[in-house]
Amino acid sequence: MQEYLISMSYFSALSIVCIVLYAFTYFLPTPENQNKARSTFYFRLLLLFTIAAFEAILLRFEYLPIASAIVTNLFILLISYLLMFAIYTRYDCEITLRHYLACTIHSVFFIGLIYLAQIYLNAGYLRSALVLMNIFIPYALTLRKCNQQFKMHRVGDRILYGSLLLTLLIFVVYVVFYALFFSDEKHVPLSLYFTALLSFICILFFGFALSIIYSLVGKLRKEIITDKLTGAKNRNYLTDVAEKMYSLAKRRQEPLSVILCDIDSFKKINDSYGHSAGDKVLVSFSHVIESSLRTEDILIRIGGEEFIILLPYNDIDKALLTAERLRKAINEENIDIGGKNIQISASFGVVQVDTTKSIDDNINHADIALYEAKRSGRNKVIAYSR
């Protein structure tokens with residue numbers, strides 16, 4: 001009777017934690033992508049199945065222990081599959097009928113395996129090891145999906161991946177503790193089972209929640225520093241990155257160049273074809289520039305039809321060659337405006353950064369060179385002469 005009361009207190013504590021976490025999921029940001037939004041749905045089911053898994057273990061006090069063991073371990077397996085579904089949809093992988101069918105077949109096979117284990121394996125820790133081997137199948141698939149999507153620079157990915165590894169370790173430690181300290185007990189020790197489930201849920205939930213929050217923060221930051229029309233970086237990004245690149249070039253004594261470019265006669269395009277045509281020209285212009293730059297080069301739209309390009313490790317000669325290549329690429333681009341192909345040109349002002357002057361002074365020098373290119377006939381590349 002006393003053991004039953006203790007088990008009920010464990011069940012109540014775990015239920016309260018799961019219900020609180022379940023309620024908290026409604027405060028998590030909801031992705032616009034409908035498939036990704038389903039990840040939270042699967043995680044809520046996971047929390048409910050965790051309560052059911054502990055409730056099932058209480059059946060041993062009222063029904064046959066074998067029924068309790070089968071139902072409990074079945075819920076544990078389904079929790080692993082729900083975790084897999086939550087992570088898959090988190091990374092926008094659609095859960096299909098094939099996934100549900102695989103889960104069903106494995107569950108049926110698993111029930112038979114547990115039934116035989118209850119009959120032929122007297123040591124409870126051996127049955128727990130058998131369960132661990134089965135839940136490792138969906139766990140391994142989940143870790144594989146995370147590994148495929150893993151990006152070191154994303155904090156959310158690191159947190160989620162780490163929490164998955166940690167929760168898997170909890171199951172391993174659970175079996176080891178069972179074998180070392182409770183090997184004489186035929187049934188799962190309730191205190192050990194409660195501790196493992198509670199640790200699993202808390203670590204996994206906070207890993208899952210933090211990964212979503214950090215992803216949202218990253219998305220918001222990207223939106224803040226990205227020009228919505230062209231996809232290039234915007235002026236907000238310039239303030240931060242220009243100072244960093246300037247400081248790095250100054251400290252390492254490495255060349256850094258700046259190109260200021262402007263679409264020629266852009267106002268005429270707007271007046272002749274409309275602002276939607278002007279937007280299309282800006283998008284095409286940005287695409288041509290970015291496709292012609294190196295990975296480390298940065299294109300920033302600073303306003304209207306004016307862009308700035310930061311070229312790390314480039315002296316004035318290399319920067320002039322780059323600007324000339326860009327000028328030719330823009331000239332060769334045909335833009336379809338209402339069934340009519342138009343060509344555009346651009347002017348470029350180039351300067352190699354002088355680290356004895358501020359970054360703003362250097363950008364002003366590029367602006368002077370750009371003005372000279374405009375004044376001398378447009379569609380030209382001019383270097384700033386000190």
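Here are two short exercises on the cysteines and the sheet of this predicted model.

**Exercise 1. Cysteines**

Work out how many disulfides the structure holds, and why C103 is not in one.

*Solution.*
- Start with the rule: a disulfide needs two cysteine sulfur atoms within 2.5 Å.
- Next, take C103. Its closest cysteine sulfur belongs to C93 and lies 15 Å away, so the gap is too far for a bond.
- Now turn to C202, where the nearest cysteine sulfur, that of C18, is 8.0 Å away; C202 is in no disulfide either.
- Finally, widen the view: searching the whole structure gives 0 disulfides.

While you are at these residues, classify C103 and C202: buried or partly exposed? Buried means under 20% relative accessible area. C103 has 10% relative accessibility and therefore counts as buried. C202, at 26%, counts as partly exposed.

**Exercise 2. The sheet**

Find the order of the strands in the open sheet, then say which strands stand at the edges.

*Solution.*
- Trace the 5 strands across the sheet: the order is β2-β3-β1-β6-β7, with mixed pairing.
- Look at the two ends. β2 (298–303) and β7 (381–383) each have a single partner strand, so one side of each lacks a neighbour in the sheet.
- Check the twist: on average, neighbouring strands are turned by 20 degrees against each other, direction ignored.
- Zoom in on β6 (residues 346–352), which pairs with β7 in the parallel sense over 3 bridges. Here F348 is opposite V381 of β7.
- Last, add the helix: α12 (residues 359–375) lies across β1, β3, β6 and β7, and runs at about 145 degrees to β6.

Note on methods
Residues are numbered from 1 along each chain as its sequence is written. This is a predicted model: local features need pLDDT of at least 70, side-chain atom pairs count only at pLDDT 80 or more; totals for chains, interfaces and linings use all residues. Side-chain values use heavy atoms; hydrogens and water are left out. Buried means under 20% relative accessible area, exposed over 50%, partly exposed in between (1.4 Å probe, protein chains only). Two strands pair if DSSP finds at least two bridges between them. Helices (H or I, at least four residues) and strands (E, at least two) are DSSP runs, numbered from the N terminus. Axes are lines fitted to C-alpha atoms, for helices over the stretch in contact, and angles run from 0 to 180 degrees between N-to-C directions. Contact means heavy atoms within 4.5 Å.
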